[in-house]
Amino acid sequence: MCLAIFSTWVRQMKLESVEALRVHKQRFGLEGRAFGAPARVNLIGEHTDYTGGFVMPMAIDFATVAVVSARNDGRAVFYSLNFDEEVSFELASLGRTPQGHWSDYPLGVVWSLAQEGITVSGFSMSLAGNVPVGAGLSSSASLEVATAMALLSHAGQELPLKTVATLCRRTENEFVGAKSGIMDQFIVAGGVAGRVMLLDCRSLEFELLPLPAEVRVVVCNSMVQHQHAGGEYGDRSDEVTAGQEVLRRERPGIELLRDATLADLEACKDKMSAASFARCRHIISENGRVIEAKGALLRGDVGRFGELMVEAHASMRDDFAASSPEVDTLVEIAMRQPGCFGARITGGGFGGCTVNLVKVDKAEAFVEAVRSEYKATLGISADCFISAPTDGALAMAAKGGVQ
Ligand code: GLA
């Protein structure tokens, strides 16, 4: 059965945290404190973040919960309810030694906090989550941020949003070894209920914008998994970096791709590979679309916003070569439905989810129709969720956490 969920994040968080608190007490013999982090969906602005560009994500109603309590043997002990697996490390001898295991994420946060000058004493941590893995909804950022919030509380520290996001990104890039920008960690930490975020990934300044009441955001999972560490994301990022290097060298005043125009890129076409040219064209045009999308949102022009999403999808598919046949099919099906303003791939790409902007009174029917047409076309049952923008981890903690 399809889950059509609207604004149930707090309830989900509570369910996850009640179970995690119970299991934690049973396993470690102590009451723990629970901290949560949501998932995210990006409305527009894909692969722009690691070249200082613009993105427009919102936090959504899935949750990772980290329950923490102290221990006095100098160890970091993580228990995953999802994997029913416990791992233990001696904090004094902790290095940068990822194992290619789920524990790299929470352990990497311990390492990254130390880079920030925050060392933690022994702790037990129970982790539980319902963010779909490999779906492009930031399960890893959610795990990192939930862990960071729990460990900061354990260490008696508070950090501002920018620092929390930056240290969690460092976990991903430098400990886990996956290339990524700042978007996921920033929105998962800093989301605000009822608002989408326009984030400038160079300055980390942001604006919170309301979604017009006449629309709903629907997330559809193609059920084709994407793989983040290494692989195609890394290849794309390398192609982009190579193109950016050429622009930096050839065009005075360009520091990041964000500073370049399509005319700059055209002028350097012969100096870079065809792949780098196409990837950079996607990013430069995408930055323009995000800014235009902000204007459309503020005017309440959901029609124009939807058109920009469709253009963004074509650009991700053709110039960035980061879609998949299944996701393209989902987008085509979505755009045939009444009340659908726009549909596009969301997140890193190569599978994962689409994000759709749908008229409020058509959203339920949209979910049913997309599911049944996708099943009839490809034989795959897609999960579809009607999602409202929810609070990020900091706002949740400020409202008293998830207990
Ligand atoms: C992944 C990365 C983000 C961003 C998106 C693409 O989600 O973690 O930093 O680059 O892909 O927009």
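## Ligand site

The ligand occupies the largest pocket. A pocket here is an open set of points on a 1 Å grid over the protein atoms alone, with protein on both sides within 12 Å along at least five of seven lines. The ligand counts as sitting there if more than half of its atoms lie within 2 Å of the grid points.

This is a predicted model: local features need pLDDT of at least 70, side-chain atom pairs count only at pLDDT 80 or more, and totals for chains, interfaces and linings use all residues. Residues are numbered from 1 along each chain as its sequence is written, and side-chain values use heavy atoms, with hydrogens and water left out.

## Shell and contacts

The shell holds 13 residues, each with a heavy atom within 4 Å of the ligand. Glu46, His47, Asp49, Asp184 and Tyr233 come nearest. By class, three residues are nonpolar, six polar and four charged. In this scheme Asp, Glu, Lys and Arg are charged; Ala, Val, Leu, Ile, Met, Phe, Trp, Tyr, Cys and Pro are nonpolar; the others, Gly among them, are polar.

Ligand oxygen atoms make polar contacts (N or O pairs within 3.5 Å). A side-chain N or O atom of Tyr233 lies 2.5 Å from one. For Glu46, a polar side-chain atom is at 2.7 Å. His47 uses a polar backbone atom, at 2.7 Å. The protein buries 97% of the 300 Å² that the ligand exposes when taken alone (Shrake-Rupley method, 1.4 Å probe).

## Domains

The protein is assigned domain 1 (3-211 + 390-398) and domain 2 (215-387); the bounds come from an automatic or database assignment. Their C-alpha centres are 25 Å apart. The contact between them (heavy atoms within 4.5 Å) takes 44 residues from domain 1 and 49 residues from domain 2.

Both domains serve the ligand shell: each contributes at least three residues.

Methods:
Polar contact = N/O pair within 3.5 Å; in protein donor to acceptor, adjacent residues only side chain to side chain. 1 Å grid on protein atoms, 1.4 Å probe; cavity = no way out; pocket = protein on both sides within 12 Å on 5 of 7 lines; lining within 4 Å.
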